[in-house]
Each structure stands twice: as structure tokens, then as C-alpha cells.
Amino acid sequence: MARTKNIALRDAIAKYGIVANRLRAKNRKQRAHCRSGFRTPRNIERNSKSRKYPPCVIWDPRQPAKNPIYNCRIIKLYCRTGYHLAITPSRRVKGLSGNEESYALLHATPVSFGVIRIQSVETRLYLAFNKKGRLYGEMNMTNDNTEWEQWSIGAYDAFRSRKYVHYGWWIGIKKNGRAKPGPKTSWGQKAIQFSAIQED
């Protein structure tokens, strides 16, 4: 009986030793990984490159000669992500890659200083944000969510919602062609930068 107990105790000690060795080896790997990936705030500040954005200037609709968007009746807004902004009959806003898409033909009209409305020529819907920051086609042009501040970011244009200006929501098209939600947009992103292409 005593011999059986000694054998069981010896086996338990051996199993415990194996488990302990595995845990020690795992801890050593974790410490090595932490040491290799650790950087002090000073190192992070020294190694990171400061991003410099071009100045942001608001357009004056009272001077249409200086604003390329008002020099024509029909335009296309080409995003830096590779898509044309479009409003479909289902009131969905998305990016189209084709050059012959009629839903991408837009008409911009001035509202006040630096503020415009963007309307689809084909569907007659106005570009707007809903309360959740989703872009959609609005039928009623008198809604204040159809008004956009037009800004210049270097050689590109950006459009911020006038109604939700306190949230900082911009028109944006993601790399997959889908409309980018307003809460996920910010100044300086490629998704919010557009080129106004004259079509008439």
C-alpha cells in the first residue's frame, strides 16, 4: 500500500514538473516578445513622422470664376479612392468605377457662402446624411441635411455636412466603393478628397 502511494506521489511530482517547465518556457517567450516590441514614448515620438496636410480653404460661391465646381452645370466627383460619387434610384449612395454611369452625373448649386447642394441629374435626389451618419438620397431639397460646406484640401475638394458640422462628418467613399459613414471620416483622409470633373 505504501509502495503504491509512493509511486502515485512520484508520478504527480513528475507531471507537476512538466507543467511547471512548460509555464516557465511560455513566460520566457512572452517576456522576450515584450522586450523586442517595447518602445518608450520618447522613441515613438522620435521614430514617428509628423503628417503635414495642405491648408484647408473654404470656397466663396460669390466668386464662381475661382471655383471650378460652379463653372459648369454638370459635374462628376471623382474620389481619390478611385470611384465616382453616385446616387442611385434606390436612394443609395455609392462609388462607381465606370465613366459612363449616368447616376454619377451631379449638379451643384450654391446656397450661401461656402455652402452648396449636390443633386443627382438622373435621379433628382439630393445628397444627405441621416442621423446615424449614413449617406443617402434625399427627395426634399429644403431639408438642412442636404447642405454641404465645400472646402479645398490642396488640389482636391472636400464636403462637410453643415447640419452635423459639430460631429465633423464628411462625404467619403471607401476603397471598396461603399459610402463611408460620417462618424468614421476625418479631415486629411483620401476617402473624403474629390476632384470635380466638368461634364458639360
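**Group meeting: strands, charged pairs and rings in a predicted model**

S152 is buried, at a relative accessible area of 12%. I start with this residue and work outwards. Before going on: what you have on the screen is a predicted model.

S152 sits in strand β9, which runs over residues 147-153. A polar atom of the S152 side chain lies 3.2 Å from the backbone oxygen of G154. The relative accessible area of 12% is under the 20% cut-off, so S152 counts as buried.

A word on confidence. The average pLDDT of the protein is 76, and 62% of the residues reach at least 70. Over residues 33-58 the pLDDT stays under 50. For that stretch the model has 22 contacts beyond four places in sequence. Where pLDDT is low, the predicted coordinates should not be read in detail. I will leave residues 33-58 at that.

Next, backbone angles. Which residues other than glycine have a positive phi? One of them is R91, with phi near 70°. R91 belongs to the loop that joins β3 (84-87) to β4 (93-96). With a relative accessible area of 33%, R91 is partly exposed. Another is R124, not a glycine either, with a positive phi of about 65°. R124 is in the loop between β6 (115-120) and β7 (126-129).

That brings us to β7 and its partner. β7 pairs with strand β8, residues 135-138, in the antiparallel sense and over 4 bridges. For A128, the bridge partner in β8 is Y136. The hairpin of β7 and β8 has 5 residues between the strands, and among them G133 takes a positive phi near 85°.

Now the charged side chains. How many salt bridges does a search of the whole structure find? The count is 4. I will go through three pairs.

The side chains of R117 and E147 form a salt bridge, with an N to O distance of 3.2 Å. This pair links distant parts of the chain, since R117 is in strand β6 and E147 in strand β9, 30 residues apart. Are these two residues buried or exposed? R117 is buried, at 13% relative accessible area, and E147 counts as buried at 12%. R117 and E147 are also linked with R162 in a network of salt bridges.

The side chains of E149 and R160 meet in a salt bridge at 2.7 Å, N to O. E149 is in strand β9 and R160 in strand β10, so this salt bridge ties together parts that are 11 residues apart in sequence. E149 counts as buried at 13% relative accessibility, and R160 is buried with a relative accessible area of 19%. The cut-off for buried is under 20%, so R160 at 19% falls within that class.

The third pair is D144 with K163, whose side chains meet in a salt bridge of 3.6 Å, N to O. Here too distant parts of the chain are linked: D144 is in the loop between β8 and β9, K163 is in the loop between β10 (156-161) and β11 (194-198), and the two are 19 residues apart. D144 counts as partly exposed at 41% relative accessibility. K163 is partly exposed as well, at 34%.

Last topic, the rings. A search of the whole structure finds 6 aromatic pairs. For F129 and W148, the ring centres are 5.3 Å apart and the planes are at 55°, so the pair is tilted. F129 is in strand β7 and W148 in strand β9, 19 residues apart, and the pair links these distant parts of the chain. Both F129 and W148 are buried.

The rings of F159 and F194 have centres 6.3 Å apart and planes at 55°, so this pair is also tilted. F159 lies in strand β10 and F194 in strand β11, so the pair ties together parts 35 residues apart in sequence. What is the relative accessibility of these two residues? F159 is at 0% and counts as buried; F194 is at 0% and counts as buried too.

F129 and W148 come up again in a cluster. Together with Y164, Y167 and W169, they form one aromatic cluster.

To recap strand β9: E147 in this strand pairs with R117 of β6, E149 pairs with R160 of β10, and W148 pairs with F129 of β7. S152, where I began, is in this strand as well.

How values were computed: Residues numbered from 1 in each chain as written. Predicted model: local features only at pLDDT ≥ 70, side-chain atom pairs only at ≥ 80, totals over all residues. Heavy atoms only, no water. pLDDT = per-residue confidence, 0-100. Contact = heavy atoms within 4.5 Å. Buried < 20%, exposed > 50% of the residue type's maximum accessible area, 1.4 Å probe, protein only. Polar contact = N/O pair within 3.5 Å; in protein donor to acceptor, adjacent residues only side chain to side chain. Pairing = 2+ DSSP bridges. Phe/Tyr/Trp six-rings, centres within 6.5 Å; stacked < 30°, edge-to-face > 60°.
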